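Colleague: I am new to this one. Please show it to me, and I will ask you to justify your terms.

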Amino acid sequence: MILVIDAYKLVKGAGKSIGIYNLTKSLVEYLGAENVRRHMEQTIVVLGNGYNRRDMEREGVQFVSVPGNPLSRLSFTTWELFRVKRYLRRYQADRVLFPRGYRPLVYHGDDTIIVHDLIPFWYDEHEKGYLNRVENAYIMNRLKASIRRAAQVITISDYSRDAIEKLVPGSLRRIRRIYNGINDIEPWDEKAGDTFSEGNYIAAVTSRMPHKNAAGILAAYSSYVRLCSERAVTPLDLHVVGIGDAAPYAAQGILTDEAAAHVQCRSYLAEYSDLCRMIAHARLFLFLSLVEGFGFPPLEAMQLDTPVVCSDRTSLQEVVSDAGVLVDPEDPGQAAEAMLSLQNDPERCETLVKRGRQNIRRFSWDSRTGEYWEALFGRQV
């Protein structure tokens, strides 16, 4: 059987989601390794580009660098709608995998799409006008049409599976839930001298996108600092990655002056190892997203033995389970109480760390590889 994986449009650091890129990279790597283990019983062709060749060209797969610039909107669109079909014919695809979730407008072959989340629909309902309306309407229509017509839909959580069925009634029989796999954390230099080494802080990951709820994190931290003051407890500092400056939130009254004195913000950390180091040295990890298709950051904190306070919304309940403290992300007081409670209870923190170690075992790539192999090569048409 010939499986073609469409990775032409994936460029690391481009677009809104690094998660799709990383999933495809890992999927290619592990499927290729499984193919080698099975003595190349299948043919796996990866349609990529010059930007992603280093990550997608792996043993056990045939990598094809497609001419053109995937960063060009015109090239991007014409590929998605039309050009990809020519390559599928050229490489005689029996099945094709579209990791971004979008299939060509007209395609009659056996295809699988991966739908990571329905966040464009969340913005249309809750933050109308934040995204370009024309572009978001196009994305929603394309995604809905792809779900309706694909031979198989893979999604990454039970929450996303149920949301897809609600969006496209009758699609449930074609949906297969396969949780994301988590990769190894990157080692870091313990000799690096900065505030992370001190360890007396709360770490948080967010972004300026409204669904990541930076405002909720800073509101919760303000409530936490106020509680500490009332109860004569020294507050932990807050290190936030994903926003460069807390001043806009202070100007809106979300972040109090007293709390702002303890907050350090970074738009990003240049190396993933630096993010791992920041989370590993933290006393607590705070993640208050409003909507996630899966949600990697709390699991990364569990890999690094850092207790988690996490939003109870969408997929996060099933991903975090009982290995973190789940709170309403729109109730600052609830999150504040959770942070202060853990700060004062090392035994509970240790219990959460142990549960976290158990929880991450559910998301090993060893089991993911088998599920994807069955979904892509084992099913009958």
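Colleague: What makes E6, helix H6 and E7 a right-handed β-α-β unit?

Modeller: This is a predicted model, so everything here is computed from it. The order is strand E6, then helix H6 (residues 158-167), then strand E7. The crossover is called right-handed because, with the strands pointing away from the viewer, the path from the first strand over the helix to the second runs clockwise. That is the hand of this unit.

Colleague: How do you know that E6 and strand E7 (residues 175-177) pair?

Modeller: Count the bridges. Two strands pair if there are at least two bridges between them. Here 3 bridges join E6 to E7, so they pass. The two strands run parallel. One bridge sets Ile154 against Arg176 in E7.

Colleague: Which way do the side chains of E6 point?

Modeller: Gln152 and Ile154 point one way, and Val153 and Thr155 the other. In a regular strand the side chains alternate between the two faces of the sheet. Those four residues of E6 are all buried.

Colleague: What pairs with E6 over 4 bridges?

Modeller: Strand E5 (residues 110-115) does, in the parallel sense. Ile113 has Val153 as its bridge partner in E6. Val115 has Thr155.

Colleague: And what does E5 pair with in the parallel sense besides E6?

Modeller: Strand E4 (residues 95-98), again over 4 bridges. Phe98 stands opposite Ile113 in E5.

Colleague: Why is E5 called largely enclosed by the rest of the structure?

Modeller: Because 6 of its 6 residues are buried. Look at each face. Asp110, Thr112 and Ile114 are buried on one side. Asp111, Ile113 and Val115 are buried on the other. Both faces are therefore covered.

Colleague: Take Thr112 in strand E5. Why does Thr112 count as buried?

Modeller: Buried means under 20% relative accessible area. Thr112 has 2%, so it counts as buried.

Colleague: What makes the link between Thr112 and Gln152 a polar contact?

Modeller: The limit is 3.5 Å for a pair of N or O atoms. The side chains of Thr112 and Gln152 come to 2.9 Å, so the distance fits. This contact runs from strand E5 to strand E6.

Colleague: Now Glu80, in helix H3 (residues 73-90). Is Glu80 buried or exposed?

Modeller: Buried. The relative accessible area of Glu80 is 5%, and the cut-off is under 20%.

Colleague: What does Glu80 touch?

Modeller: Leave out residues up to four places away in sequence. Glu80 then touches Lys9, Arg100, Tyr102, Arg103, Pro104, Tyr138 and Arg142. With Arg100 there is also a polar contact, side chain to side chain, at 3.1 Å.

Colleague: How do you know that Leu27 is buried?

Modeller: Its relative accessibility is 2%. The line is drawn at under 20%, so Leu27 falls on the buried side. Leu27 lies in helix H1 (residues 18-37).

Colleague: Which residues is Leu27 in contact with, leaving aside its neighbours within four places in sequence?

Modeller: Leu97, Ile114, Trp365 and Tyr372. Ile114 belongs to E5. Leu27 and Asn180 are 153 residues apart in sequence, and their C-alpha atoms are 9.8 Å apart in space.

Colleague: Why is Thr256 called partly exposed?

Modeller: Partly exposed sits between the two cut-offs, under 20% and over 50%. Thr256 has 30%, so that is its class. Thr256 is found in the loop between helix H8 (247-251) and helix H9 (257-260). A polar atom of its side chain lies 3.1 Å from the backbone nitrogen of Ala259. Thr256 and Ala323 are 67 residues apart in sequence and 31 Å apart in space, C-alpha to C-alpha.

Colleague: Step back to the whole chain. How many helices and strands are there?

Modeller: There are 15 helices and 13 strands.

Colleague: What makes the chain as compact as a globular protein of that length?

Modeller: The globule rule gives 21 Å for 381 residues. The radius of gyration is 22 Å, close to that, so the term holds. Along its principal axes the C-alpha trace spans about 70 × 45 × 35 Å. Of the 381 residues, 54% count as buried.

Colleague: And what share of the exposed area do carbon and sulfur atoms supply?

Modeller: They supply 48% of about 17200 Å².

Definitions and conventions
Residues numbered from 1 in each chain as written. Predicted model: local features only at pLDDT ≥ 70, side-chain atom pairs only at ≥ 80, totals over all residues. Heavy atoms only, no water. Buried < 20%, exposed > 50% of the residue type's maximum accessible area, 1.4 Å probe, protein only. Rg over C-alpha atoms; globule rule 2.2 N^0.38 Å. Areas by Shrake-Rupley, 256 points an atom, 1.4 Å probe, with all protein chains shown as cover. Polar contact = N/O pair within 3.5 Å; in protein donor to acceptor, adjacent residues only side chain to side chain. Contact = heavy atoms within 4.5 Å.
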